[in-house]
Amino acid sequence: MRRRLALYGGGLVLLVIGAFPLAWMLSTALKPSGEIFATPPTLVPKVVTLENFRRLFAETSFLTYFTNSVAVSLATVLLTLSVSALGAYALTRFVFAGRERIAGLILMTYMFAPIMIIIPFYILVKQLGIVNTRLALVLSYTTFCLPFCLWLLRSFFHAIPLELEEAAMVDGASLRRAVWHIVLPLALPGLIAAGIFTFILAWNDFLFALVLITSDELKTLPVGVNDLFNATIVDWGMIMAAGVMITVPTIAFFAAVQRYLIQGWGAGGVKG
Amino acid sequence: MKRHALTGWLLLAPSLLLLGGLVVFPILYNLWLSLFDKHAFMPVQRFVGLQHYVYFAHDAEFWASVQYGVIYAGSTLVLQLLLGVSAALLLNEAFRGRNLLRGIVLFPYMIPTIVAVILWKWLLNDSYGLVNHWLLAAGLVQTPVAWLGKDHIMTSLVITSVWQFFPFVVVTYLARLQTIAPELYEAAKVDGAGAWRRFRHVTLPQTRNVLFVIVLLRSIFMFTKFDTVWLMAGEGGVSRYVRTLPVYAYARSFTYLQAGMGAALAVLMFLMLLAVTAAYFRVLRDEEAVA
């Protein structure tokens, strides 16, 4: 009995630590401005209003930032999955000199934090003439997700018996069809895990967006919301509404595919 | 049926091109750049050799940033480990709602840093923040604490960071806990070992390796953390009380526009990490040799 009490007590503490700050953000976002600053504070809003959300969309560029974030994140996921699936397939199914060494080197590039190469990176992007474009963001995020995705997909491809695709090819399927219809569907959990990691990294990134983007109409959410925060006297209700809007896609995505994510997470850990 | 090596290279080419062009090349270019006086935007540059490194050896701001970095990385590491390992041990036990809680605990790590930061700035707000309200109500303080003022900004930054990153420890540690054979615990129970002794003599030795990896990765990540620190304190005002090395490197490059100096700081950051990692591996190996 005492043991159970301790377990549920501990669980409750953990629930409060993990969820309460986010619940408080939601609660503030739904309050009218008078109630936000009331003493004593009300944990659950007495009056629920969407006024903060309306101001956020009507009076700021939030919708632009949101659209940019969606576009950049989805493009990054698509590009990263294509490039890393091709690469991981080559690393498991083709034999060539130095293959394992290359795989090791790829993992090493993962050890470099973005802040350690942001300066030459910025100069390079500027010389390529793509500074202040969404393309620059997509390429940076893709590059930084690649090592992890390559290794994750490599482990998934390893687990798929070679005989399956060979059998299909004996039956007359081309290599491309064998991969498309047999290998990729079997590696789906890996693809989903890699896709989610990539999405979250691109959606959350602050540094690259801060350095590479200067026009307001190209900014993504983290930098855009930071600008809103710094612009004037903080409008707490509206800022919390912005916080809710940025958080919802991540949590929804995550909740939908949680079991794949845990699997992939165990396989390699994630950066940050 | 034949798989040509050339096809393999072709499939790998896009990955190698991106990593080579956007990671490996910038790393080398960064080394080169650190030997020049270069403006961040203008094309002018002048070779200065190791002059930047000599400068930083005597630069008080640099040493202060190293010190802030060590304080920040060290304190967040210890607290993340304590909170993360306890949470993982709890989530490894069987109770109702465990799976839901396992998901919820990950939230702080999933959300963007900007959200974690504005959220904690609101909770710690000096006039209307919930934390001050509760401290006052409980009689623990007489006047509101200026959490984001210069005296407490480091504490607030540490709280925010620990909250944001402890789920990493939970997930990695829990993954290893789940693979410990139940027989080991049963044998310990038969021998009459209590909860603490089971943890000390079964769990800890079994999870030694994963703890090693967690400590190494978290220290590297925290020592190179930029966004949480920068967003929490901004550029002016109290920022100099939490100006860690990554923030200092950023300021040199993009505020003072001294790209060469910023590059030198990045190299120094890398060398420090390398030295600490090597020393860490060594200590661990010696320890294992003794045991």
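**Group meeting: chains A and B, and where they touch**

Okay, let me start with chain B: if you take its contacts between residues at least 6 apart in sequence, 68% of them join residues at least 24 apart. Keep in mind throughout that this is a predicted model.

Some basics on chain B, then. We have 14 helices and 2 strands there. The C-alpha trace spans about 75 × 75 × 45 Å along its principal axes, and of the 291 residues, 38% are buried.

Now, how far should we trust chain A? Its mean pLDDT is 89, with 94% of residues at 70 or more. There's one stretch to flag: over residues 264-270 of chain A, pLDDT stays under 50. The model still has 16 contacts beyond four places in sequence for that stretch.

On to the contact between the chains. How many residues does each chain put in? Chain A brings 71 residues and chain B brings 64. On the chain A side, helix H1, residues 2-29, gives the most, with 13 residues. And if you sort that side of chain A by class, you get 51 nonpolar residues, 19 polar and 1 charged.

H1 of chain A comes up again when we look at one helix in chain B, namely H4, residues 98-105. The buried residues in H4 of chain B are B:Leu101, B:Arg102 and B:Val105. Looking down the axis of H4(B), those buried residues fall within an arc of 105°, so they line one face of the helix. And yes, an arginine, B:Arg102, is in that buried set. What do the buried residues of H4(B) pack against? H1 of chain A, along with helix H3 (60-91) and helix H8 (153-177) of chain B. Over on the face turned away from the buried side, H4(B) carries the exposed residues B:Asn99 and B:Leu100.

Last bit: domains in chain A. The assignment gives us domain 1, at 1-49, and domain 2, at 61-268. Their centres, taken over C-alpha atoms, are 33 Å apart. Where they touch, 8 residues of domain 1 are in contact with 7 residues of domain 2. Which elements give two or more residues to the domain 1 side? H1 and helix H2 (33-36) of chain A. H1(A) gives the most there, with 5 residues. By class, that domain 1 side divides into 5 nonpolar, 2 polar and 1 charged.

So if you open the structure, start with H1 of chain A: that helix gives the most to the chain A side touching chain B, and also the most to the domain 1 side touching domain 2. That's it from me.

Key: Residues numbered from 1 in each chain as written. Chains lettered and ligands numbered in written order. Predicted model: local features only at pLDDT ≥ 70, side-chain atom pairs only at ≥ 80, totals over all residues. pLDDT = per-residue confidence, 0-100. Contact = placed C-beta atoms within 7 Å. Helix = DSSP H or I, 4+ residues; strand = E, 2+ residues; numbered from the N terminus. Buried ≥ 20, exposed ≤ 12 C-beta atoms within 10 Å, placed from the backbone. Nonpolar A, V, L, I, M, F, W, Y, C, P; charged D, E, K, R; others polar. Arc of directions from axis to C-beta. Domains from an automatic or database assignment.
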